[in-house]
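Here are some short exercises to work through with the model open beside you. Try each task before you read its solution.

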Amino acid sequence: MSGLSDRLTSGGFAVTAEISPPRGAGTGTITETAGLLRDWVDAVNVTDNQGSNVRLASWAGSLAAMAAGLEPVMQMTCRDRNRIALQSDLLGASALGIRNVLAMTGDHPKFGDHPEAKPVFDLDSIQLLWTLRHMRDQGAALSGRKLDPPPECFLGAVENPFAPPEGFRADRLGKKVEAGAQFVQTQFVFDVAGFGQWMAQVRDLGLHERCYILAGVGAVRSRRGLDFMRDNVPGVTVPDDVYRRLTAVPADQTAAEGARLAAETIAQLTTMEGVAGVHLFMAGNERAVPGVLEEAGVGAVRDGR
Amino acid sequence: MPARPRLGTRLAYRLQRVLRPRPGWRRLSARVEASGPARTLFTGAERQVKEALFGCRMCGQCALPVTGYVCPMGCPKELRNGPCGGVGRDGSCEVYPHLRCVWVQAYERASGQGRVADLRLLHLPIDHRRWGESSWLNYWQGRDEGLWVPAVPGPAVTGDTGGMGPDRNHERVLGGS
């Protein structure tokens, strides 16, 4: 059973976070990070060679998180594996108890440490969702061959409410829901008003009743990080007023202000109709998670949400 | 890489009506297919025309009629179901920042002609054995049916992580040709 799915179906406010597996053949950092997050988040995404850089496999990282008592959301991208390997990975993950899977297209290899690699993209994120749902609900591979027993999985997707063509972003989530997405985690929300406009379109399409929406929130830790995010991360928008607020404080207080802003953003999102939870972009900053969640009024897992 | 179509949207949609599968086209394509040299010649001509107009890469299963006549295979990720999340603020491709995202172009062209609904169709995984084939012959011969399917309203979320519950899209989504 997926605890994340339980939290969401019971109407609770879900919190997920992210773990990047290490560049190396060890799981120590995952165990350590899981220990910091365990009491505060319902599940943690384990990234799949994030940014097209070679890392420990997401299925292995997911098992390490499970062993440390934290439920994983295994990320699966279409960048490195064709439809045969992706289906095989779902079978393996399900057999070993991984219950949440996040299907995404993935970054292009150009951005990573092997820019010369062959980009696979045999499926896209929507076709992957379709495929995984088909395997679970029809008990068959894409080939039509029976899967015995079929995999179990709670299917997730991602969406960026802020990237062009803006008029099509809610529709694109609609396509993902049609293809099988049961929950979605969004790109970093700095612009709460802009996110609210996207949510209004999502509600008009009735998607919030068919898919749980977790808004992406992070805490800026430094001016350099803020500048990098604004200028170099595709699909992230930092509105001018947010930028001014975070740069108005002395540099040694940027992290504290960033955490305050994250808490305020989460508090605003908890009252927004159709928002079922938040996804925290706080990798490497896990120690700040309890403070942010408490200030936002969300609290720990054991308190119920 | 993303290409900018050289054929205006209105003209493209007009041609679409002319080229729709009908008995004449079906007979012609059957005769072309019956002869090896004719098929090669026809496929070569299609390649020339579509390469010049759309930057066609001859995947053999053309999506142009429902993408505002912007070729999605020009996307560096070959995304047939819509844009990725990395499109630049100015509508640029994240992999080729000096070029416009094919899906930004598709949305502009389709919405200008009242065809946004086309972009909501769900595209099936393609058949990689068809690269290099004539998609016109495939289209007129009906081998393209089921390349995309309408998005139909599904059931509300239940959070069910297993089970064999109803999957209403299944037959239309995956049972196509």
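**Exercise 1. Place B:Pro37 in its chain, and decide whether B:Pro37 is buried or exposed.**

Step 1: B:Pro37 belongs to helix H3 of chain B, which covers residues 36–54. Helices (H or I, at least four residues) and strands (E, at least two) are DSSP runs, numbered from the N terminus.

A note before going on: this is a predicted model, in which local features need pLDDT of at least 70 and side-chain atom pairs count only at pLDDT 80 or more, while totals for chains, interfaces and linings use all residues. Residues are numbered from 1 along each chain as its sequence is written, and chains are lettered from A and ligands numbered from 1 in the order in which they are written.

Step 2: A residue is buried if 20 or more other C-beta atoms lie within 10 Å of its own, exposed if 12 or fewer, and partly exposed in between, with C-beta atoms placed from the backbone. B:Pro37 has 8 C-beta neighbours inside 10 Å, so B:Pro37 counts as exposed.

Step 3: For a sense of distance, take B:Cys62: its C-alpha is 22 Å from that of B:Pro37, and the two are 25 residues apart in sequence.

**Exercise 2. Describe the side of chain B that touches chain A.**

Step 1: Count the residues in contact (C-beta atoms, placed from the backbone, within 7 Å). Chain B brings 39 residues and chain A brings 47.

Step 2: Find the elements of chain B that give two or more residues to this side: they are helix H4 (102–112) and helix H7 (170–174). H4(B) supplies the largest share, 4 residues.

Step 3: Sort by class, where Ala, Val, Leu, Ile, Met, Phe, Trp, Tyr, Cys and Pro count as nonpolar, Asp, Glu, Lys and Arg as charged, and the others, Gly among them, as polar. The side of chain B that touches chain A then has 18 nonpolar, 15 polar and 6 charged residues.

**Exercise 3. How do helices H4 and H5 of chain A pack?**

Step 1: Fit the axes as lines to C-alpha atoms, for helices over the stretch in contact, with angles from 0 to 180 degrees between N-to-C directions. For H4 (residues 83–95) and H5 (residues 125–138) of chain A, the angle is about 45 degrees and the axes are 11 Å apart.

Step 2: Angles under 35 degrees count as roughly parallel, over 145 as roughly antiparallel, 65 to 115 as roughly perpendicular and the rest as oblique. H4(A) is therefore oblique to H5(A).

Step 3: List the partners: A:Arg83, A:Leu86, A:Gln87 and A:Leu90 of H4(A) meet A:Leu128, A:Thr131, A:Leu132 and A:Met135 of H5(A). This contact has 5 nonpolar, 2 polar and 1 charged residues.

**Exercise 4. Which peptide bonds at A:Pro149 and A:Pro165 are cis, and where do these prolines lie?**

Step 1: The bond joining A:Asp148 and A:Pro149 is cis, with omega about -5 degrees. A:Pro149 is in the loop between H5 and strand S5 (154–159) of chain A.

Step 2: The bond from A:Pro164 to A:Pro165 is cis too, with omega near -5 degrees. A:Pro165 sits in the loop between S5 and helix H6 (169–179) of chain A.

**Exercise 5. Where do A:Ser52 and B:Tyr69 lie, and are they buried or exposed?**

Step 1: A:Ser52, not a glycine, has a positive phi near 65 degrees. A:Ser52 lies in the loop between strand S2 (43–46) and helix H3 (58–67) of chain A, and is buried because 21 other C-beta atoms are within 10 Å.

Step 2: B:Tyr69 also has a positive phi, about 60 degrees, without being a glycine. B:Tyr69 is in the loop between H3 and H4 of chain B; with 25 other C-beta atoms within 10 Å, B:Tyr69 is buried.

Technical notes: Two residues are in contact if their C-beta atoms, placed from the backbone, lie within 7 Å.
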